[in-house]
Each structure stands twice: as structure tokens, then as C-alpha cells.
Amino acid sequence: MTRDNPALANAVSAAIAAGDAVRGTTSPNPPVGCAIVTASGEVIATGGTSPAGGPHAEVNALREAGPRTKGATAVVTLEPCNHTGRTGPCTQALVDAGIARVVYLTADPFEPASGGADWLRTHGLDVALLHTRVEALQPWLRSVRNNRPSVTLKFASTLDGFTAAADKTSKWITCDEARAAVHADRTKRDAIVIGTGTALADNSSLTARHSDGALYEHQPRRVVVGKRAVPSGNLTELGFEQYDTPQAALTALWNSGARDVLVEGGATLAASFLELDLVDAVQAYIAPALLGAGRGVLDREIAGTIGDAKRFRTTDVRRIGNDVLMEMEKD
């Protein structure tokens with residue numbers, strides 16, 4: 001549909017960008033983006049979902065467009081909601097604004113809010129589903145399916161699978177560009193989770209920082225899993241949450257609104273999440289370096305035969321500086 005319609009393709013890109021810009025700030029709501037397009041194909045406004053309790057993407061875009069919405073098209077990354085929660089239904093807002101056509105990229109699987117497309121059609125709007133993978137929505141969609149936060153396991157390793165050398169040195173396996181990408185990704189997450197071993201060994205701050213050390217505006221929650229006490233240091237100064245088990249951590253995070261969680265280490269915690277079948281996606285930063293021995297990504301066997309290996313589907317592979325980032329998700 002977009003191949004033969006450059007104006008629509010531009011609007012789709014604008015809506016996706018608007019949703020990506022608010023990722024990490026909207027939970028428990030999804031990071032939706034919306035673009036308003038005139039009949040001539042001009043994108044006149046975009047909007048992303050506000051933090052929980054605030055307007056959704058469609059309402060923000062409609063407000064920015066002002067009186068030019070009559071007869072326009074709204075391109076939305078997620079099917080407009082059709083229920084009243086802390087805000088009114090976006091379907092009604094689109095009708096009230098005089099929108100003539102709605103193109104949405106993803107059907108809403110959240111039953112209380114679904115049905116928006118059919119409602120809009122019964123109220124005279126032209127509605128079309130343009131199946132498009134929207135990366136910013138994937139963690140939220142997984143969380144709805146699983147009724148728990150989506151879990152992404154992130155690690156950096158050498159080409160032969162080591163996260164530290166035999167003498168325990170690990171800084172720095174990856175290049176500056178890869179580390180910058182990690183910090184940019186952190187700011188899109190609701191929480192970062194590490195084990196007590198990593199907290200004790202690294203004295204991590206778990207903040208999202210620019211290359212000059214300045215903090216990003218949005219910071220994820222800091223979570224430690226394990227029973228050992230974490231002494232004063234970066235984490236205690238900044239504030240963190242601690243839970244005994246991965247299940248307890250995910251339950252508490254879900255109940256408090258988190259939907260997108262990044263597990264950063266270490267090897268014991270990573271193995272635990274995998275054994276419990278709680279890893280939905282993987283980010284593997286691979287450095288073109290060889291060690292031959294050292295600390296592995298996991299601290300123990302999680303599959304005794306190749307048929308039992310934890311397998312994922314590759315969704316993206318790209319070069320970052322001199323390193324490679326592989327992104328995968330569970331089928």
C-alpha cells in the first residue's frame with residue numbers, strides 16, 4: 001500500500017517516529033504514535049502517547065493539528081482505543097475532530113480497549129489495517145500476551161562467547177559506539193535488572209547516560225535480584241528495588257506498571273531467567289575479538305543436548321562501530 005503511495009509512506013514513518021520518541025515513558029500504556037495527514041498528503045501534526053493518565057497519541061496529534069483535521073487521515077501505530085479509562089476513547093476524539101480515514105498498523109490485543117476499528121467504521125470512517133511491524137510496540141505486545149513484563153536479555157561478548165577474560169577483566173569488550181547504543185536503549189526501558197553478584201562486583205549505577213556523562217531525561221528503574229545485601233555505592237545512592245527471585249521481581253514490576261524490562265546481568269541471573277523461560281528477546285553485542293577462555297554469558301548448562309537449546313528468531317543484525325548487534329525474539 002505504501003509502495004505506490006509516497007504520502008502514506010511518509011505518514012507511516014512519521015507515526016512510527018512519534019511512538020519511538022515516547023518509548024519508555026508511557027507504561028503501562030503502549031508507546032503509540034499518530035500522524036495527521038491532509039487530503040493533499042501533507043503531514044500536519046504528529047503526537048505520541050503521554051505518560052499514564054495523560055492524552056493518548058491520537059488526541060495529542062489532533063490538538064497539534066487544530067482546525068485542519070476535518071476530512072484528514074489519521075495514521076496510528078496501534079488500533080485506536082475504544083474504551084474509557086483514565087482518558088476518554090480515542091475513537092470518539094477522531095470522530096469529533098472530523099477525521100475521514102484511519103490507517104492503523106497494529107491490531108490492539110488488549111481486550112478492554114479493542115474494537116476501535118469496527119466502531120469507527122460504524123460511524124462512517126474509512127478504516128484500513130496496514131500490517132507493519134512497529135518496534136516500539138513489541139515489548140508491550142509481548143507483555144499483553146504473557147501478562148507480565150516483556151524481558152529482553154542483553155549481553156556483550158567476544159566472538160567466542162566470553163563476557164570477561166580469564167583474569168576477570170571486561171572493560172571494555174565493545175566499542176564506544178556500541179556502549180552509546182546501550183545507553184540510548186536503556187532510556188527506552190521501564191526497568192533494568194541485574195543480579196546481586198553483578199551489583200557487588202561492578203558497583204553499577206544502571207543509569208542511561210550521554211557520551212559526555214550527562215543523564216538522559218528518562219531513567220529506568222533499577223532492580224536487583226538476589227538475597228545478598230548490596231552495600232552503599234552507586235545503586236544505593238541512586239535508589240533501587242531488590243527482590244529474591246526473577247518471578248518476584250517481574251510480579252512487582254508488572255503490578256506497578258512496568259511492561260518493558262532489560263536484564264543486563266550477570267551470568268547467574270541470565271541463566272535463571274532462561275531456565276524459567278522468562279526471556280522474550282535477546283540483544284547480543286558481539287565484539288570481533290577472541291579470548292579462548294574466560295567468563296561465559298551463562299554460568300551453567302541450561303540444555304544438555306542441542307535439541308533442548310533455547311532458540312530465538314533473528315529480527316535484526318546491524319553493525320555498530322566495529323561491533324555487531326544481533327537482536328532476537330522468541331517465536
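This note sets out points on the cores, a helix, a buried glutamate and a cavity in a predicted model.

1. Basis. The model is predicted, so local features require pLDDT of at least 70 and side-chain atom pairs count only at pLDDT 80 or more, while totals for chains, interfaces and linings use all residues. Residues are numbered from 1 along each chain as its sequence is written, and side-chain values use heavy atoms, with hydrogens and water left out.

2. Nonpolar cores. The largest nonpolar core (buried Ala, Val, Leu, Ile, Met, Phe, Trp, Tyr and Cys residues joined through side-chain atoms within 4.5 Å; buried means under 20% relative accessible area with a 1.4 Å probe, protein chains only) has 36 residues, of which Cys 34, Ile 36, Ala 74, Val 75, Leu 94, Ile 99 and Val 102 touch the most other members. Elements giving two or more residues to this core include α1 (6-21), β1 (33-37), β2 (43-48) and α5 (138-146); helices are DSSP runs of H or I of at least four residues and strands runs of E of at least two, numbered from the N terminus. Apart from this core lies another, of 24 residues, among them Val 223, Val 225, Leu 250 and Ile 286.

3. Helix α10. Seven of the nine residues of α10 (residues 267-275) are buried, so the helix is largely enclosed by the rest of the structure. The buried residues include Leu 269, Phe 273 and Leu 274. Their packing partners (contact means heavy atoms within 4.5 Å) include β6 (150-158), α9 (246-255) and β11 (260-265). Just after α10, Asp 277 adopts a positive phi of about 60°.

4. Glu 329. This residue of strand β15 (residues 323-329) is buried, at a relative accessible area of 7%. Its side chain makes polar contacts (N or O atoms within 3.5 Å, one able to donate a hydrogen and the other to accept it; residues adjacent in sequence count only if both atoms are side-chain atoms) with the side chains of Arg 133 (2.9 Å) and Arg 313 (2.4 Å). Leaving aside residues up to four places away in sequence, Glu 329 also touches Arg 142, Asp 280 and Phe 312, among others.

5. Cavity. One cavity of 30 Å³ or more is found in the whole structure; a cavity is a set of points on a 1 Å grid over the protein atoms alone where a 1.4 Å probe fits but cannot get out, and lining residues have an atom within 4 Å of a point. The volume of the largest cavity, the space filled by probe spheres set on points joined across faces, edges and corners, is about 90 Å³. Among its 14 lining residues, Arg 23, Ser 27, Pro 31, Asp 190 and Asp 260 are the closest to the centre.

Conventions:
1 Å grid on protein atoms, 1.4 Å probe; cavity = no way out; pocket = protein on both sides within 12 Å on 5 of 7 lines; lining within 4 Å. Buried < 20%, exposed > 50% of the residue type's maximum accessible area, 1.4 Å probe, protein only.
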